[in-house]
Amino acid sequence: MSEDTTTAAESNGDALENLLTENRQFPPSADFAANAVVKAGEYEAANADRAAFWGKQARELLSWTKDFTKTLDWSNPPFATWFDDGELNASYNALDRHVEAGNGDRVAIYFEGEPGDTRTYTYAQLTEEVKKATNAFEALGVSRGDRVAVYLPMIPEAVITLLACARIGAIHSVVFGGFSAEALRSRIDDAEAKLVVTADGTFRRGKPSSLKPAVDEALTAPGHTVEHVVVVKRNGEDVNWVEGRDLWWDDTVSTASTEHTAVGHPAEHPLFILYTSGTTGKPKGILHTTGGYLTQTAYTHKAVFDLHPETDVFWCTADVGWVTGHSYVTYAPLVNGATQVIYEGTPDSPHQGRFWEIVEKYKVSILYTAPTAIRTFMKWGEDIPAKYDLSSIRVLGSVGEPINPEAWMWYRRVIGADKAPVVDTWWQTETGAIMIAPLPGVTSAKPGSAQTPLPGIAVDVVDELGASVPDGHGGYLVIREPWPAMLRGIWGDNERYKSTYWARFDDMYFAGDGAKKDADGDVWLLGRVDDVMNVSGHRLSTTEIESALVSHPSVAEAAVVGAADETTGQAVVAFVILRGSAVDDPDIVTTLRNHVGHEIGPIAKPKTILVVPELPKTRSGKIMRRLLKDIAEGREAGDSSTLADNTVMNQISDSLKA
């Protein structure tokens with residue numbers, strides 16, 4: 001770490017120990033603050049009466065076909081209703097009203113395909129496409145309340161499909177295109193989907209890959225509820241065809257009428273189900289409804305990214321298969337009338353400057369991506385982004401996992417020209433929208449910390465008994481009061497909803513994450529509680545140790561897991577990728593162990609450090625630590641079907657044998 005990053009040991013055995021303290025702060029510039037969408041007074045106004053604050057946002061940000069008279073009903077916790085007697089249409093809010101307001105010619109989507117093909121949709125054009133899809137789906141028998149499974153690559157048809165479902169009042173269930181046929185089958189069955197929308201395939205690092213065969217395999221089992229499969233022709237792959245069931249998008253959607261009038265749906269009508277990844281047993285379908293979800297996603301998109309829809313170009317790099325691609329690709333940018341970029345491919349194809357080429361081409365002003373991607377760019381070197389004009393960027397966002405301070409600093413300095421605010425955001429599939437983040441025109445940003453709950457959000461860090469911890473201490477992240485975009489349950493299993501999220505602490509939602517408050521009261525996320533290791537009675541954060549490793553000039557990336565140990569309960573095992581420019585060190589493992597000991601304390605020294613060529617990552621960029629844990633505990637690695645590169649585990653195994 002830098003000289004101004006220090007360590008502070010906790011004496012409380014129940015608190016998270018050896019917590020990093022970050023002293024660098026970056027206040028907004030005077031010009032940025034003066035023109036910011038949200039001012040400092042918003043916190044006080046929002047937290048004085050949270051329900052009234054969200055009611056105000058709902059009316060200002062959304063168009064209602066029937067106004068609501070009651071903002072929040074929390075009479076039956078943990079089941080909340082927001083704006084319950086109001087009615088609205090999510091698709092109308094994202095599309096028609098902008099056209100009616102005279103903004104039909106504004107670009108809604110710049111699409112950049114992986115092979116380099118492009119499409120541009122204005123709000124008027126996108127509205128027409130969604131109306132056609134709506135008419136086509138209704139002609140196939142889809143009506144309000146029906147479920148539609150979506151298994152598509154990151155192409156405009158994905159957004160069009162979701163908005164068409166929302167227009168009808170059908171409930172979409174997106175399954176990430178990297179998931180297996182078995183995972184797709186279980187999600188189709190659990191939701192009892194009537195329609196599946198997919199594609200022949202997509203492109204991945206310059207090569208065509210298939211999607212429809214997984215759908216065919218998922219539908220081989222008897223008893224499924226799917227009546228039709230609509231297939232987008234994307235890469236020309238030969239596909240199996242089931243007459244009477246399978247239909248080409250071009251033959252059904254493209255030929256449909258462009259006339260369709262949106263009708264209002266109740267605010268608590270289900271909008272979508274999204275299954276959380278990495279679960280065992282029956283899939284866990286997170287249920288989100290319409291009015292509260294749209295209110296909070298629209299507000300947070302505007303506030304956290306300082307959105308000026310008339311001039312900004314927003315790019316969230318997440319796939320629509322994840323909640324970030326729902327909230328900050330499909331819904332919030334369009335509800336707010338913004339212009340956004342959608343990219344089908346990966347950052348390294350056809351070259352490692354692909355992201356920066358897109359930023360330069362479309363003059364992206366707000367970039368929202370994952371720490372894993374940022375660390376990858378660091379590994380590749382800053383000479384690559386230096387080749388491109390990134391001067392359009394004015395706000396940078398981070399999402400998906402805690403960002404270590406040095407990656408935060410690199411992001412700001414190299415991509416943001418040392419002036420663009422970095423907003424590190426914490427939220428979950430379950431929360432629906434951003435919950436903790438600095439406000440770029442208000443907050444003095446602190447590298448590595450999500451910092452403070454957003455206006456109208458009641459987040460806390462508590463100890464084992466549910467009592468707030470003092471500043472400088474760690475514990476468990478909870479949400480003390482209902483919020484508009486909160487999940488409304490687990491599809492078909494209310495008891496599981498209560499036992500999963502509300503049983504740990506009375507009357508508080510437990511996020512499953514460890515967190516700390518620093519000396520200023522700012523919140524630092526320490527990863528899942530499972531990622532907080534207990535080594536000889538000392539609690540250690542995998543995120544903290546990873547940050548210490550990456551701060552060493554020889555380390556490009558690091559992943560840390562806790563492995564079962566007979567002596568200490570758990571032992572720290574680190575997997576590291578060395579920088580290409582690293583100075584040869586015959587005893588690099590000892591060097592790095594000592595470095596971690598210096599940065600955090602002797603107890604945090606990894607028992608084992610394994611130098612590997614790559615780390616196993618999903619296509620969304622998350623490191624699959626469970627596979628590394630398998631290796632660390634001497635087991636054969638488990639299912640790796642969702643990895644972006646299935647050869648990575650073989651590379652790791654081969655490197656460890658060498």
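## Exercises on a predicted model

**Exercise 1.** Which residues does Phe 137 touch, leaving out those up to four places away in sequence? Then place Phe 137 in its core.

*Solution.*
- Step 1. Beyond that sequence window, Phe 137 touches Val 142, Thr 161, Ala 164, Ile 168, Leu 195, Val 197, Trp 249 and Val 253. The model is predicted.
- Step 2. Phe 137 belongs to the largest nonpolar core, which holds 135 residues. Along with Phe 305, Tyr 328 and Leu 477, Phe 137 touches the most other members.
- Step 3. Helix 7 (residues 156-168) gives this core its largest share, nine residues.
- Step 4. A separate second core has 31 residues, among them Leu 367, Ala 373, Leu 396 and Tyr 411.
- Step 5. The general background: nonpolar side chains tend to be buried together in soluble globular proteins.

**Exercise 2.** Is Ile 393 buried or exposed? Describe its surroundings.

*Solution.*
- Step 1. Locate the residue. Ile 393 sits in the loop that joins helix 14 (371-380) to strand 21 (395-398).
- Step 2. Apply the cut-off: buried means under 20% relative accessible area. Ile 393 has 3%, so Ile 393 is buried.
- Step 3. List the contacts. Not counting residues up to four places away in sequence, Ile 393 touches Val 359, Val 364, Ser 365, Ile 415 and Ala 420.
- Step 4. Check a pair that is separated in sequence. Lys 363 lies 30 residues from Ile 393 along the chain, with 7.5 Å between their C-alpha atoms.

**Exercise 3.** Which residues of helix 5 (residues 96-103) are buried, and which helices do they pack against?

*Solution.*
- Step 1. The buried residues are Asp 96, Arg 97 and His 98.
- Step 2. The buried residues of helix 5 pack against helix 3 (50-61), helix 4 (90-94), helix 6 (123-139), helix 7 and helix 12 (323-335).

**Exercise 4.** What radius of gyration does the chain have, and what would a compact globule with 658 residues have? Add the overall figures for the fold.

*Solution.*
- Step 1. The globule value is near 26 Å. The chain has 24 Å, which agrees.
- Step 2. The C-alpha trace spans about 70 × 55 × 50 Å along its principal axes.
- Step 3. Count the elements: 20 helices and 32 strands.
- Step 4. Take the burial: 62% of the 658 residues count as buried.
- Step 5. Look at the contacts with a separation of 6 or more. Residues 24 or more positions apart account for 70% of them.
- Step 6. Turn to the surface. The chain exposes about 23,700 Å², and carbon and sulfur atoms supply 47% of that area.
- Step 7. Finish with charge. There are 60 positive and 90 negative side chains, and the centres of the two sets are 1 Å apart.

How values were computed:
Residues numbered from 1 in each chain as written. Predicted model: local features only at pLDDT ≥ 70, side-chain atom pairs only at ≥ 80, totals over all residues. Heavy atoms only, no water. Helix = DSSP H or I, 4+ residues; strand = E, 2+ residues; numbered from the N terminus. Rg over C-alpha atoms; globule rule 2.2 N^0.38 Å. Buried < 20%, exposed > 50% of the residue type's maximum accessible area, 1.4 Å probe, protein only. Contact = heavy atoms within 4.5 Å. Areas by Shrake-Rupley, 256 points an atom, 1.4 Å probe, with all protein chains shown as cover. Lys, Arg positive; Asp, Glu negative; His and termini not counted. Charge placed at Lys NZ, Arg CZ, Asp CG, Glu CD. Core = buried A, V, L, I, M, F, W, Y, C linked by side-chain atoms within 4.5 Å.
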